[in-house]
Amino acid sequence: MARTERPAERPARAAAGPAVPTVELHRHFEAGLTPETVARLAARHGLVQVRTRSGQLVPGVDPQDPASVRRYYDGVSRGLAGPGGFDRFVEAFGLPLSVLRSIEDLEEAVFDELVACAAAGSLHTELRGSPFSYQEQIRAPVEDIAAALVQGVDRAWTERGASGAFILAFSRHKGLGHPAEPPARRQADAVARLAAGLHRADRPVGLDMAGYPEDAFPPRAFERALRPAREAGVPLTIHAGEQGVPPGFESAPPAFVVDAVERLGARRIGHGTSLCASAAARALVRERGVGVECCPVSNDRLGFMPLDRHPLPRFLEEGLLASISTDDPLLFGPFSVADTFAAVSGPLRLDREAELRLARNAIATAFVTEDRRAQLAARFDAAVGASSGAKR
Ligand SMILES: [Zn+2]
């Protein structure tokens, strides 16, 4: 099957009626920095070279030039499908991580990203990232790093009315080291305790498990490590059912999604693409009201699921609480949910009703207080001229 072309940066909107506000639940913070922000931070710190995550020099890229940064990621995104693609994907995080060099950078960049997303039509945006990843460049305790990320979210709301949340993430492959190893090698327990400490009923902080590969580190292995977060009421989302390919999805079967829900108490699933292979798993997700954070452009770029075969339309037809997100816009292209929808609505035959439903599902499954959820639903209804609220 021919791969789809990389979507244009700003495709024309085709839907009739007032512009539909969006809500984004799955956006990796450092991979959501714009080329302009990357360049500004690179200039601040005098960075003149781009290196991969593992430290290899990337020749010919000027980190202080947004156009050069954009060209770099255009090239990266074209080469991710196929063998070794996920490793190249992880390597490409080297640049955004290298420009975040202080606690102040983190807070400011979270603030800026949430404000930028709001300006692009997002009523509410949830960013996620691993404090241990940022600690590779910033000499500070992970507690201070996590607090700065949450502070950026709080400021965006109080100073600009830009609604957001931060989801503290860890890498599954660095999650379960021996107790004698440093916390950076046993991140699951450390991040679960961090999230439990920062989460408040009136200001939720979420928890996410990301990383590769899923089949070597299935959700059930993390049941005990994540218990402190569960017991503190931290809302969990788990990357699950992403890293397999049709028809069998052997590397990320729907059973992983089931385990994430039943054993870890996940309220949302990152991707969940392999749910298309199991009616029973979809029924469980629907009955439990679990959100499914679909990122069709990402799944296509990484070679897991061709865009025109993505199961998002089926999830919507069956009443799953599916929403749509960018995942890693710096790497994949469309920077907003609106532009992502414009890029996928043709291949997936999604109409305005679907666009509305995706946003309502995101509001219903956002990691927010019930007060904020009602505010978001009211703002949404006012914008689209509807009377029905977001359904839980
Ligand atoms: Zn993700």
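Here are some notes on the main sheet of this predicted model and on one helix pair beside it.

1. **The sheet as a whole.** Start with the overall layout: eight strands form an open sheet, in the order E1-E4-E5-E6-E7-E8-E9-E10, and the pairing is parallel. At the edges sit E1 (22–28) and E10 (321–324), each of which pairs on one side only. On average, and ignoring direction, neighbouring strands in this sheet are turned by 25° against each other.

2. **E5 and its burial.** Next, have a look at strand E5, residues 163–171: nine of its nine residues are buried, so you can call this strand mostly covered. The cover is on both faces. One side has Ser163, Ala165, Ile167, Ala169 and Ser171, all buried. The other side has Gly164, Phe166, Leu168 and Phe170, again all buried.

3. **E5's partners in the sheet.** Which strands does E5 pair with? Strand E4 (residues 122–129) is one partner, parallel to E5 over six bridges. To find your place in that pairing, look for arginine 128, whose bridge partner in E5 is isoleucine 167. Strand E6 (residues 206–210) also runs parallel to E5, and five bridges join the two. Here a handy marker is phenylalanine 170, with methionine 209 as its bridge partner in E6.

4. **The E10 edge.** Over at this edge, E10 is joined to strand E9 (residues 291–294) by four bridges, and the two run parallel. Glycine 291 has leucine 321 in E10 as its bridge partner.

5. **H5 over the sheet.** Back to the E5 region, where helix H5 lies across E1, E4 and E5. Relative to E4, H5 runs at about 145°.

6. **H1 against H5.** H5 (residues 103–119) also has a helix neighbour, H1 (residues 35–44). As a reminder, two packed helices are described by the angle between their axes and the distance between the axes. For this pair, the axes come within 12 Å and cross at roughly 160°. Angles over 145 degrees count as roughly antiparallel, and H1 and H5 are therefore roughly antiparallel to each other. The crossing in which H1 passes H5 is right-handed.

7. **What the helix contact is made of.** Which residues of H1 and H5 meet? On the H1 side they are Arg40, Leu41 and Arg44, and on the H5 side Asp105, Glu108 and Asp112. By class, this contact has five charged residues, one nonpolar and no polar. Worth pulling up those side chains in your viewer.

Methods:
Residues are numbered from 1 along each chain as its sequence is written. This is a predicted model: local features need pLDDT of at least 70, side-chain atom pairs count only at pLDDT 80 or more; totals for chains, interfaces and linings use all residues. Side-chain values use heavy atoms; hydrogens and water are left out. Axes are lines fitted to C-alpha atoms, for helices over the stretch in contact, and angles run from 0 to 180 degrees between N-to-C directions. Angles under 35 degrees count as roughly parallel, over 145 as roughly antiparallel, 65 to 115 as roughly perpendicular and the rest as oblique. A crossing is left-handed if the near helix is turned anticlockwise from the far one by less than a right angle, and right-handed if clockwise. Contact means heavy atoms within 4.5 Å. Ala, Val, Leu, Ile, Met, Phe, Trp, Tyr, Cys and Pro count as nonpolar, Asp, Glu, Lys and Arg as charged, and the others, Gly among them, as polar. Buried means under 20% relative accessible area, exposed over 50%, partly exposed in between (1.4 Å probe, protein chains only). Two strands pair if DSSP finds at least two bridges between them.
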